[in-house]
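Please open the structure in your viewer and keep the sequence panel beside it. This tour moves from one selection to the next and says what is there at each stop.

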Amino acid sequence: ANDTDTGEGPPVTEGSQLHGSIHVGMEHQVIIPPLNKDLALKDRGAVRVWSPESVSEEQVDAYLEKAAEVLRSYMKQRGLEADPSTTIYEFEKGLATAAPARENEDGTVPAKSVGGENSSARKPRAVFRECDVDKMLATFHECNYNADNAIRAIQIAPEEFLTLWNKQQKELFNAGFRRYYGSLRMIGKGVGRSKGHKDVVDYFYRFKIPEQFCKYKDRKREQAKRILQTVEKRRMRDALAAEGGDDAKSVTSVGGGGSKKAKDLSKTLGSPSTVGQVEQRRVMARDLLSVIRDTIGPQNYLKICKLLKANQNRKGNAIPALRDRAEELLGDHPELFDRFVAFLPKKHR
């Protein structure tokens, strides 16, 4: 049993605070009464909440933008501010860009990946997360899609269209979140009577989940940086080993003596801190290839890519042929050829 249980009410049965057992057996089955065909069917009176044929998307966007301005002004007058970077569009954009689009073999991005099928879609809505969009749209529907009447209704009681949590309530929620995580009922008990369970659920999914997602992206970004640094160090170590053999160890060791060849390598390649310079040179090479691709076209660019791959497989024996072929393809652009040759070994420049 949980220490926080008071014996009142049902046990906690959600999230990581799962208790008890699953009820299985005949004694736990629902008893369904027999069907009485003589009873008349009851009309529950379905209520229509939206009429898409009565309003366009552009009108909805314009209305929400005006309503958001009214609510933002109300928050500013009361000394309240929306959480930074919390527009609905920004969160959806983060989800869409979490996984970068794959590139083609020539390094270009597919056309659909640039703007997608909705590249000409409408601009993002200006509502922020504190806005109760459902209630704003319901008011718009109740006012027969008259934006002016709906805006006046919002101006009369703007607090009804906002989800506002003061600093103390947020601290109580965060404390409960750190302790119970997914058990929203336990978190709600810690917040107190000022917020109901519905408010806790809404705050969790509309505020806390996007916040956790942004933190997750930041951690992944830092992890990717560490991986790149490790890869660069490994490349540097392999390059030193290929050039200097056993003497390469003396290049990276602090105060190591080593042979004359190893000392020459240390002067040329420097310490492991030169990894940043290597990465900078690689970025410059990628930028040059992008300019070459845009200048001479995809077909000729692919020819250069094949030459570069062939030179890599033959470990430098194809550099003269690579230089001659690049001169043919870049003959009309001498400045690009000079930049290309600058990346070749000095004896082939």
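Begin by selecting Ile151, a residue that is buried, with a relative accessible area of 11%, where anything under 20% counts as buried. Before you go further, please keep in mind that what you are looking at is a predicted model. Ile151 belongs to helix α5, and if you leave out residues up to four places away in sequence, the residues that Ile151 touches are Tyr63, Lys66, Ala67 and Val70. You can also draw a distance from the C-alpha of Ile151 to the C-alpha of Thr139, which gives 8.9 Å in space for two residues that are twelve residues apart in sequence.

**The pair of helices α1 and α5**

Now widen the selection to two whole helices, α1 at residues 57-77 and α5 at residues 147-156. Two packed helices are described by the angle between their axes and the distance between the axes. Here the axes of α1 and α5 come within 10 Å and cross at roughly 20°. Angles under 35 degrees count as roughly parallel, and α1 and α5 are therefore roughly parallel to each other. The crossing of these two helices, α1 and α5, is right-handed.

Which residues make the contact between α1 and α5? On the α1 side, select Tyr63, Lys66, Ala67, Val70 and Leu71, and on the α5 side select Ala147, Ala150, Ile151, Ile154 and Gln155. If you colour the residues of this contact between α1 and α5 by type, they divide into eight nonpolar, one polar and one charged.

**Helix α4**

Next, select helix α4, which covers residues 133-142, and show the side chains of Val133, Met136, Leu137, Thr139, Phe140 and His141, which are buried in this helix. Keep His141 highlighted, a residue placed in helix α4 and buried, with a relative accessible area of 17%. Leaving aside its neighbours within four places in sequence, His141 is in contact with Arg48, Val49, Trp50 and Ser51, so that selecting these residues together with His141 shows what surrounds it on that part of the chain. Just after α4, move to Asn144, which takes a positive phi of about 55°.

**Salt bridges along helix α8**

Now select helix α8, residues 197-244, and within it Arg206 and Asp202, which are four residues apart and separated by about one helical turn. An α-helix has 3.6 residues a turn, so residues three or four places apart point the same way. Arg206 forms a salt bridge with Asp202, and the closest N and O atoms of the pair are 2.7 Å apart. Asp202 is partly exposed, with a relative accessible area of 26%.

Staying in helix α8, select Lys215 and Glu211, which are also four residues apart, about one turn of the helix. Their side chains meet in a salt bridge, with 3.4 Å from N to O. Are these two residues buried or partly exposed? Lys215 is partly exposed at a relative accessible area of 38%, and Glu211 is partly exposed at 31%.

**A salt bridge elsewhere, and a network**

For another salt bridge, select Arg293 and Asp294, whose closest N and O atoms are 3.6 Å apart. Arg293 is buried, with a relative accessible area of 15%, whereas Asp294 counts as exposed at 61% relative accessibility. Then select Lys208, Glu211 and Lys215 together, which are joined into one network by salt bridges that share partners. How many salt bridges does the structure hold? It holds nine salt bridges.

**Leu307 in helix α12**

Go on to Leu307, which lies in helix α12, residues 298-313, and which counts as partly exposed at 25% relative accessibility. Leaving aside its neighbours within four places in sequence, Leu307 is in contact with Leu322 and Arg325. If you draw a line between the C-alpha atoms of Leu307 and Leu322, which are 15 residues apart along the chain, you will find them separated by 6.0 Å.

**The whole chain**

Finally, clear the selection and show the whole chain as a cartoon, where you can follow 14 helices and zero strands. Of the 349 residues of the chain, 27% count as buried. Among the contacts in the chain with a separation of 6 or more, 66% are accounted for by residues 24 or more positions apart.

Key: Residues are numbered from 1 along each chain as its sequence is written. This is a predicted model: local features need pLDDT of at least 70, side-chain atom pairs count only at pLDDT 80 or more; totals for chains, interfaces and linings use all residues. Side-chain values use heavy atoms; hydrogens and water are left out. Axes are lines fitted to C-alpha atoms, for helices over the stretch in contact, and angles run from 0 to 180 degrees between N-to-C directions. Angles under 35 degrees count as roughly parallel, over 145 as roughly antiparallel, 65 to 115 as roughly perpendicular and the rest as oblique. A crossing is left-handed if the near helix is turned anticlockwise from the far one by less than a right angle, and right-handed if clockwise. Contact means heavy atoms within 4.5 Å. Ala, Val, Leu, Ile, Met, Phe, Trp, Tyr, Cys and Pro count as nonpolar, Asp, Glu, Lys and Arg as charged, and the others, Gly among them, as polar. A salt bridge is a side-chain nitrogen of Lys or Arg within 4 Å of a carboxyl oxygen of Asp or Glu. Buried means under 20% relative accessible area, exposed over 50%, partly exposed in between (1.4 Å probe, protein chains only).
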